[in-house]
Amino acid sequence: MTSAHTASAPAEAEPQLQTPLTHRSLPRRAAPAVLLVALLAGLGLRLAGLALAWSAILAAVGYTVAIYSWSRAVEGTRKAFDRMVTAIVTSAFLLALLPLVSVLWTVVDRGSGRFDSEFFSYSMRGIVGEGGGAHHAIIGTLIVTGIAALISVPVGMLTAIYLVEYGRGRLARYITFFVDVMTGVPSIVAGLFAYALFELFYEAGVRMGIMGSVALSVLMIPIVVRSTEEMLKLVPNELREASYALAVPKWRTILRVVLPTAVAGIATGITLAIARVIGETAPLLVTAGVTASDNFNPFDGRMATLSVFSYNEYRSPGVPPEPSFDRAWAAALTLILIVMLLNLVARLISRLFAPKTRA
């Protein structure tokens with residue numbers, strides 16, 4: 001009786017449902033293919049006469065809807081939602097990249113025409129129509145920015161060292177607060193401050209290259225402070241404690257241990273700060289002024305810079321205006337190349353001087 005009941009038990013058991021271990025999925029290159037089709041469709045709309053912005057937006061919306069619908073029909077709702085979010089992020093990135101590409105293309109297209117030897121070796125002294133160059137503005141930009149760096153780097157680094165290594169209490173909090181405030185100061189305010197400062201020692205209407213350097217240093221110091229402070233905070237405290245355990249004074253520990261460890265990040269931050277202020281126009285227009293001649297003495301008279309030169313050529317073109325516009329675009333392209341070079345130098349410094357770690 002018992003054996004018969006036991007033998008019939010397996011026959012009465014209900015069959016278990018088999019869960020598939022794999023699901024249907026789109027081809028591996030489905031998303032890039034749909035994106036390519038959407039870009040081609042947007043290009044077709046642009047060639048048909050639709051505005052560039054609307055063509056890009058419609059292409060992004062079409063790509064998102066197409067990949068979501070295809071994925072939902074094949075892979076299900078959950079995977080389709082994931083692909084939709086990925087498509088939105090990708091479209092937002094491409095839309096944000098579009099203005100940058102447009103600016104670079106416009107500057108290179110319009111500025112490369114005057115990229116000749118005359119542009120880099122002649123000033124605008126006595127030039128009304130065609131010809132002339134930006135030699136005075138290029139050298140002036142390097143001088144003004146170099147002096148601003150000489151002012152800002154020591155002040156910014158010493159301030160950051162104080163905040164990280166020595167600063168405690170109310171004074172450190174006040175300094176941090178004012179650095180944060182200076183980070184958001186408009187550039188024209190920095191120019192007006194430098195003008196008011198030098199007006200105390202010279203007559204009204206004074207313009208000098210050193211004034212532009214002071215104005216740029218006001219904008220540059222908080223960037224140097226912030227970048228140096230963050231790099232010093234990344235230095236492990238164990239390195240400081242090991243140095244103190246060997247009876248090394250604190251100032252020597254900072255000089256020989258902390259700064260060499262953080263030198264790559266500090267140099268990168270300083271280089272990026274220089275690249276940030278080298279293209280300022282408003283403070284230099286107020287302080288350094290406009291001139292068409294070579295003047296490489298920052299303590300005597302007006303000094304030209306690339307940003308002000310480009311602005312002035314576009315604001316007050318000659319007759320005909322086309323040569324002035326060409327010089328303005330060429331100056332803008334030169335400034336972009338200088339900033340790009342500074343960014344490449346920052347990356348090179350970061351790679352060369354970064355602390356070596358063993359694998």
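Helices (H or I, at least four residues) and strands (E, at least two) in these views are DSSP runs, counted off from the N terminus. What you're looking at is a predicted model, where local features need pLDDT of at least 70 and side-chain atom pairs count only at pLDDT 80 or more, while totals for chains, interfaces and linings use all residues. Residues are numbered from 1 along each chain as its sequence is written, and side-chain values use heavy atoms, with hydrogens and water left out.

**View 1. Two annotated spans, end to end.** Residues 137–163 are 100% helix and 0% strand, and the C-alpha atoms at the two ends sit 38 Å apart. Residues 85–108 are also 100% helix and 0% strand, with 35 Å between the end C-alpha atoms. Both spans come from the UniProt annotation "transmembrane region" (unreviewed entry), which also covers residues 54–73, 175–198, 204–225, 257–278 and 328–349. UniProt positions follow the numbering used here, with feature names shortened, and such annotations may be inferred rather than shown by experiment.

**View 2. The annotated domain.** In UniProt, "domain: ABC transmembrane type-1" (unreviewed entry) is listed for residues 138–346. The span is 76% helix and 0% strand, and its end C-alpha atoms lie 21 Å apart.

**View 3. Two valines in helix α4.** Val-103 belongs to helix α4 (residues 77–111), and so does Val-101. Val-103 counts as partly exposed at 46% relative accessibility, and Val-101 gets that label too, at 45%. (Buried means under 20% relative accessible area, exposed over 50%, and partly exposed in between, using a 1.4 Å probe and protein chains only.) Follow the chain 47 residues from Val-103 and you reach Ala-56; their C-alpha atoms are separated by 16 Å. For Val-101 and Ile-127, 26 residues apart along the chain, the C-alpha separation is 33 Å.

**View 4. Where α10 meets α11.** Helix α10 (residues 237–245) packs against helix α11 (residues 250–277) at an angle of about 145°, with 10 Å between the axes. Those axes are lines fitted to C-alpha atoms, for helices over the stretch in contact, and the angles run from 0 to 180 degrees between N-to-C directions. The crossing of α10 past α11 is right-handed: the near helix is turned clockwise from the far one by less than a right angle, whereas anticlockwise would make it left-handed. From α10, Leu-239, Arg-240, Ser-243 and Tyr-244 meet Lys-250, Thr-253, Val-257, Val-258 and Thr-261 of α11. Contact here means heavy atoms within 4.5 Å. Sorted by type, the residues of this contact are four nonpolar, three polar and two charged. (Ala, Val, Leu, Ile, Met, Phe, Trp, Tyr, Cys and Pro count as nonpolar, Asp, Glu, Lys and Arg as charged, and the others, Gly among them, as polar.)

**View 5. The loop between α10 and α11.** Ala-247 is found in this loop. Ala-247 has a positive phi of about 65°, although it is not a glycine. With 68% relative accessibility, Ala-247 counts as exposed.

**View 6. Aromatic rings.** Searching the whole structure turns up six aromatic pairs. Rings of Phe, Tyr and Trp (its six-membered ring) pair if their centres lie within 6.5 Å; planes under 30 degrees apart count as stacked, over 60 as edge-to-face and the rest as tilted. One of the pairs is Phe-177 with Phe-178, whose ring centres are 5.5 Å apart and whose planes are at 65°, so it's edge-to-face. Phe-178 is exposed, at 51% relative accessible area. Tyr-314 and Phe-325 make a tilted pair, with 4.8 Å from centre to centre and 35° between the planes. Tyr-314 is in helix α13 (residues 306–315) and Phe-325 in helix α14 (residues 322–353), so this pair ties together parts 11 residues apart in sequence. Tyr-314 is partly exposed at 48%, and Phe-325 is partly exposed at 26%. Elsewhere, Phe-115, Phe-119 and Phe-120 form one aromatic cluster.

**View 7. Helix α13 under cover.** Seven of the 10 residues of α13 are buried, so the helix is largely enclosed by the rest of the structure. The buried ones are Leu-306, Ser-307, Val-308, Phe-309, Ser-310, Asn-312 and Glu-313. Their cover includes α5 (117–121), α6 (135–166), α12 (282–287) and α14.

**View 8. Arg-327 and its contacts.** Arg-327 lies in helix α14 and, at 1% relative accessibility, counts as buried. Leaving aside neighbours within four places in sequence, Arg-327 is in contact with Arg-114, Phe-119, Met-124, Ile-127, Val-128, Gly-129, Glu-130, Gly-131, Phe-309 and Glu-313.
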